[in-house]
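Hello! Here is the structure I promised to pass on to you, and below it you will find my notes on what turned up. Have the 3D view open while you read, and take your time with it.

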Amino acid sequence: MCLAIPGKIISITALDDTFRTGKVSFGGIMKDINLCMVTDVQVGDYVLVHVGVAIGKVDEEEAKKVFSYLKDMGEVEELETPESDLVH
């Protein structure tokens with residue numbers, strides 16, 4: 001099954017006008033993510049990430065809901081930390 005995991009953009013790096021990457025937090029675990037498909041995102045926004053690429057923007061409430069569902073299904077065990085950016 002293919003999953004898109006919600007994460008919060010912590011920082012954005014623009015290598016040029018078309019290629020941007022960002023540090024995205026998944027429950028406290030930071031990953032470098034390709035942001036080329038979501039050109040309108042800013043630091044603090046939530047995105048859905050699939051295989052290292054942000055494929056869509058979601059609001060914070062939706063991100064928390066999806067992350068909670070994935071957690072309940074046991075799909076994000078490796079991302080869990082005591083202090084999560086998505087689930088309180």
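Let's start with how strand S1 (residues 5-14) meets strand S4 (residues 46-50): the two pair in the antiparallel sense over four bridges. Please keep in mind that this is a predicted model. To find the pairing on screen, look for Pro-6, whose bridge partner in S4 is Leu-48.

Leu-48 is a handy residue to stay on, since it also has a bridge partner in S5, namely Gly-56. Strand S5 (residues 53-58) runs antiparallel to S4, and five bridges join the two. In the hairpin of S4 and S5 there are two residues between the strands, and Val-51 there takes a positive phi near 45 degrees.

Now move to another pair of strands. Strand S2 (residues 20-26) pairs with S3 in the antiparallel sense, over six bridges. Here you can pick out Val-24, which stands opposite Lys-31 in S3. The hairpin of S2 and S3 has two residues between the strands, and in this hairpin Gly-27 takes a positive phi near 60 degrees. As a general point to remember while you rotate the view, side chains in a regular strand alternate between the two faces of the sheet.

Next, a residue in a loop. Leu-35 sits in the loop between strand S3 (29-34) and S4. Is Leu-35 buried or exposed? Leu-35 counts as buried because its relative accessibility is 0%, and the cut-off for buried is under 20%. What is Leu-35 in contact with, once its neighbours within four places in sequence are left aside? The list is Ile-9, Ile-12, Arg-20, Thr-21, Gly-22, Val-41 and Ala-54. You could also find Thr-13: its C-alpha atom is separated by 9.4 Å from that of Leu-35, and the two residues are 22 residues apart along the chain.

Finally, the charged side chains. In general, side chains of opposite charge can pair when their charged atoms come close. How many salt bridges does the structure hold? There are four salt bridges, and I will take you through some of them.

- Lys-23 and Asp-32: their side chains meet in a salt bridge at 2.9 Å, N to O. Lys-23 counts as partly exposed, at 35% relative accessibility, whereas Asp-32 is exposed, with a relative accessible area of 55%.
- Asp-45 and Lys-57: the closest N and O atoms of this salt bridge are 3.5 Å apart. The pair links distant parts of the chain, with Asp-45 in the loop between S3 and S4 and Lys-57 in strand S5, 12 residues apart. Asp-45 is buried, with a relative accessible area of 17%, while Lys-57 is partly exposed, at 44%.
- Lys-65 and Glu-62: this salt bridge joins their side chains at 3.9 Å, N to O. Both residues lie in helix H1 (residues 60-72), three residues apart, which is about one turn of the helix. Lys-65 counts as partly exposed at 35% relative accessibility, and Glu-62 is partly exposed too, with a relative accessible area of 33%.

If you want a place to begin, try Leu-48 with its bridge partner Gly-56 in S5, then go on to Leu-35 in its loop between S3 and S4.

Enjoy exploring, and best wishes!

Definitions and conventions: Residues are numbered from 1 along each chain as its sequence is written. This is a predicted model: local features need pLDDT of at least 70, side-chain atom pairs count only at pLDDT 80 or more; totals for chains, interfaces and linings use all residues. Side-chain values use heavy atoms; hydrogens and water are left out. Two strands pair if DSSP finds at least two bridges between them. Buried means under 20% relative accessible area, exposed over 50%, partly exposed in between (1.4 Å probe, protein chains only). Contact means heavy atoms within 4.5 Å.
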